[in-house]
Amino acid sequence: MILDVAVQGAQMLLVLLLAPLLTGFVRKIKARLQRRQGPPLLQPYRDLARLMRKDVVLAESASWLFRVIPYLIFAATWVAASLVPTFGTSLLFSWSADLIAIIALLGSARFFLALAGLDVGTSFGGIGSSREVMIASLAEPAMIMIVFTLALIAGSTQLSTMAEFMASPAVGLRVSLALALIALIMVAIAENGRIPVDNPATHLELTMVHEAMVLEYSGRHLALIELSSALKLVLYVSIIACLFAPWGLAAAGAGLPALAIGIAAYIGKLAILGFLLALFETSIAKMRVFRVPEFLGAALMLGLLATLLRFVSGSF
Amino acid sequence: MTLTIVLACAAALLVLAPVAVMIGRAHAATRLVYGVSMIVAAISLAAAAAHLLSGAPPVAVTLPVGLPWLGAHLRIDALSAFFLVVVDLGAFSASLFALGYGEHETAPARVLPFYPAFLAGMTLVVLADDAFTFLLSWEFMSLTSWALVMSHHRVPDNVRAGYIYLVMASFGTLALLLAFGLLAGADGLYTFEQMRATHLSAPLGALVLILVLIGAGSKAGIVPLHVWLPLAHPAAPSHVSALMSGVMTKVAIYGFVRIVFELAGHPAWWWSILVLVLAGVTTVMGVLYALMQHDLKRLLAYHTVENIGIIFIGLGLALAFETYGMTFAAALAFTAALLHVFNHSLFKSLLFFGAGAVLTATGERDMERLGGLIHPMPRTAFMFLIGCAAISALPPLNGFVSEWLTFQAILLSPQLPSWGLKFTVPAVGALLALSAALAAACFVKAYGVTFLGRPRSRAAAAATETDRFSLAAMFLLAALCLLVGVLPGLFINALGPVSAMVLGGHMPVQTGAQWLALVPIAESRSSYDGLLVFLFMAMSGTLAAFAIHRLASDRLRRAPAWDCGYPDASPATQYTATSFAQPIRRVFGSVVFLAREHVEMPLPGDVRPARLKVDIHDLIWDALYAPIAVGIGIAADRLNRLQFLTIRQFLTLVFCTLVVILLVLAIWS
């Protein structure tokens with residue numbers, strides 16, 4: 001029992017602490033791939049600490065909601081991230097929200113972020129919000145279709161049960177799994193605002209989505225939002241890792257050595273997937289905003305196809 | 001006992017209506033009518049809830065009114081008790097809201113008499129136990145609500161709305177009349193008791209299903225029979241809009257469930273496919289229409305169409321599982337649908353109340369002329385936000401729970417043996433997921449444009465907070481939204497008797513799991529705990545706020561908006577409802593509504609403003625209703641000639657008709 005609480009607590013802290021590191025790691029790799037020196041690996045931590053210490057400069061037309069939203073977003077994202085199995089499947093509270101609920105929690109965070117974009121009443125906020133909801137309106141159903149596929153294979157929507165099933169030899173190679181993986185990667189790219197859908201480093205007003213929504217945020221509010229988006233990246237990488245690379249996950253009731261292996265494996269997986277993300281982002285150009293629906297429509301169709309295959313026959 | 005109380009309440013409301021006619025112009029009439037309605041609704045609500053929760057057996061009574069050889073059969077069982085709870089809760093909150101809102105009514109004498117009559121009509125539909133009483137109450141409900149729609153009859157749009165509503169309602173009742181005719185058979189078995197005992201042949205059952213889908217479906221707002229709904233619901237005063245959208249559509253759902261699940265006999269394999277396809281289309285079309293609106297109340301009305309679709313997805317799944325004898329899965333889907341019925345009645349009423357408060361404060365329904373209302377109306381804004389989050393199916397609120405249950409039911413459906421369903425259900429699941437995401441987008445628009453940003457008109461800038469009765473009604477519903485979201489198990493348990501009565505099975509009792517978690521099938525399969533999610537979010541948010549304010553900085557200063565260095569532009573530069581929806585309109589609307597944008601850009605040196613014109617076509621109206629209207633017009637013109645016949649020709653015509661009728665009778669028998 002105490003171990004369970006410790007594992008859950010460690011999970012919450014681990015994702016929180018690793019989130020800026022992963023962001024920094026991806027930035028560093030991208031810089032190196034572009035033959036630049038790049039900021040130090042720990043730069044995101046310093047940015048966060050500096051932002052937290054600064055005053056908040058609040059727009060005159062901002063409401064109370066604008067000040068509450070960063071905490072809401074952070075809370076929803078953190079809760080969602082702490083329920084995804086990272087190094088072990090025996091999370092104390094993993095039953096309190098299944099994968100559908102985790103997706104919906106991220107949906108809550110996005111809902112409020114989009115509202116924040118509209119709160120100050122500037123046109124840049126509006127452009128970001130309206131594009132964000134357009135992207136989400138396709139990414140979310142695609143994600144639900146992926147969840148359907150995986151849930152029908154694993155016979156559960158609980159992430160820890162799914163991860164255990166994926167680690168067992170009962171899985172085998174399946175067409176629907178491959179389709180779901182491709183769709184999941186596409187959705188993860190869109191949801192995290194990475195190239196080719198959005199550029200996390202851009203400050204060219206008309207090309208940005210996420211950055212435009214948070215344009216009016218400053219100080220601790222901005223720090224929380226940056227931390228939340230870093231957490232969201234960790235969350236998606238963790239979902240991909242625990243479902244499609246469930247190796248080294250500590251099973252329920254495992255002792256400390258297994259947990260240590262789990263943590264090491266998890267950090268290794270984050271590094272590999274982060275490297276792949278950086279590589280992908282460097283090798284592709286950002287697409288026009290109205291190409292994004294086609295990209296996500298493809299993800300939705302892949303997800304639907306995978307679900308249909310599962311409905312038609314259990315052996316796909 | 002319960003039935004007596006409930007009937008006494010309905011009778012009291014029926015008495016209140018003529019009283020309101022007499023005192024309609026008196027100053028205290030508003031307070032009196034709404035106050036009495038509220039108390040009566042509270043009593044009726046308590047009785048119905050007690051009946052539902054105690055699991056009492058059905059009680060029936062026959063009153064010596066109505067057709068002399070038939071009487072009026074009335075009955076309360078678990079199903080009607082549940083829908084009575086929905087009706088009475090809606091009636092209670094709407095009356096509470098109207099205690100404040102009704103004071104601003106310009107023509108109270110046109111609203112007050114019909115309001116209690118409308119409430120009584122809905123109550124009697126739910127209690128009716130024979131076809132005659134059912135249809136009579138149904139028509140009464142339609143007519144009183146039509147009168148309420150027409151209460152501001154000098155607005156041309158309202159007159160058109162009222163006309164279309166009247167036509168559609170009559171058409172729907174005609175379909176229901178025919179359906180009951182088939183159910184009653186040649187022997188004229190008018191009571192539901194007798195209809196339950198007889199079994200229809202398969203083709204007749206199918207015909208009944210189609211007629212009920214037309215009759216109850218048009219009242220509920222199934223696409224393509226929804227056209228009257230977004231016109232009529234917003235035209236009524238806001239508390240009546242809330243009742244029509246939140247409650248009357250549920251009475252239509254009751255009619256569907258009562259007839260199709262109970263009276264029409266065993267479903268054929270294609271019934272559920274038909275219902276599911278209609279439901280899926282309804283869901284997505286409803287939300288897409290809503291996204292194209294900038295009238296706040298019409299947007300909400302289109303969302304009713306969407307949510308009716310979600311409810312029908314649950315009902316369609318229940319029908320599918322029932323067809324193949326999968327009682328447990330059917331109970332899950334059915335419970336999901338009923339929970340969504342309850343949830344939708346909560347948040348839709350809440351949202352219409354909010355829209356009513358905005359209307360009172362600013363006199364505007366057009367979102368393009370609103371904005372920044374969160375500053376003068378913080379409480380309304382907070383409650384409306386809860387409603388928006390709930391209808392967008394965000395955890396930990398109630399809308400998410402019922403959609404989550406529907407998803408869980410979809411995940412059980414690969415076990416269905418029918419190939420048609422194997423293809424239909426995943427597609428419907430995708431449509432449901434799509435509509436959930438689009439609904440969130442739409443409510444970001446509705447809330448963001450109305451309450452956030454800067455005021456776009458003088459009326460919006462001068463708004464003040466609404467009165468305390470309205471706030472109390474909104475608070476009640478918002479609190480219930482959170483309560484159902486956090487403790488869904490309690491409400492699902494209360495639905496057990498309903499699904500046991502209709503389907504012969506119910507979901508497992510939701511109290512065994514730790515922390516009051518919701519476990520629809522088995523813990524290893526899926527579970528959701530709204531309470532824990534809520535607590536975790538509250539704790540981590542508070543923790544973050546506390547830690548940052550203590551350890552880092554809590555200073556704050558106000559400055560002009562940054563906006564990339566273009567400060568203090570006019571409020572007209574903000575995103576509007578139309579511009580917010582533009583990306584979605586380009587993605588979905590170009591196919592569904594044939595939306596086209598025409599940009600007129602003047603040449604350099606030309607002083608004309610640039611113009612953007614958007615063409616949107618309602619294809620359902622153009623393809624289905626416009627031809628019918630044209631056809632009726634042509635037919636009427638042709639038949640007009642009959643008015644100018646001579647007596648001789650008239651007599652010939654009458655004689656010929658008589659001969660034809662006699663011939664038909666002769667051949668028939």
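I'll talk through the contact between chains A and B, and then one helix of chain B. Keep in mind that this is a predicted model.

Okay, the interface. We have 74 residues of chain B in contact with 75 residues of chain A. On the chain B side, the elements that each give at least two residues are α14, α15, α16, α20, β3, α21 and α22. Which one gives the largest share? That's α16(B), residues 419–451, with 16 residues. And if you sort the chain B side by residue type, you get 47 nonpolar, 17 polar and 10 charged.

Now β3(B), because there's a strand pairing across the chains here: β3(B), residues 556–559, runs parallel to β1(A), residues 56–59, and 4 bridges join them. If you want to find the register on screen, A:Leu58 sits opposite B:Arg558, and A:Ala59 has B:Ala559 as its bridge partner. Looking at β1(A) itself, A:Val56 and A:Leu58 point one way, while A:Val57 and A:Ala59 point the other. Buried or exposed, those four? Buried, on both faces.

Last stop, α10 in chain B, residues 238–263. This helix has 26 residues and spans 35 Å from its first C-alpha to its last, close to the 38 Å you'd expect at 1.5 Å a residue. So where does α10(B) bend? At B:Met244, by about 35 degrees. The helix is mostly covered too, with 25 of its 26 residues buried. Then, just after α10(B), have a look at B:Gly265, which takes a positive phi of about 85 degrees.

Notes:
Residues are numbered from 1 along each chain as its sequence is written. Chains are lettered from A and ligands numbered from 1 in the order in which they are written. This is a predicted model: local features need pLDDT of at least 70, side-chain atom pairs count only at pLDDT 80 or more; totals for chains, interfaces and linings use all residues. The expected span of a helix is 1.5 Å times one less than its number of residues. The bend at a residue is the angle between axes fitted to the seven residues ending there and the seven starting there. A residue is buried if 20 or more other C-beta atoms lie within 10 Å of its own, exposed if 12 or fewer, and partly exposed in between; C-beta atoms are placed from the backbone. Two strands pair if DSSP finds at least two bridges between them. Two residues are in contact if their C-beta atoms, placed from the backbone, lie within 7 Å. Ala, Val, Leu, Ile, Met, Phe, Trp, Tyr, Cys and Pro count as nonpolar, Asp, Glu, Lys and Arg as charged, and the others, Gly among them, as polar.
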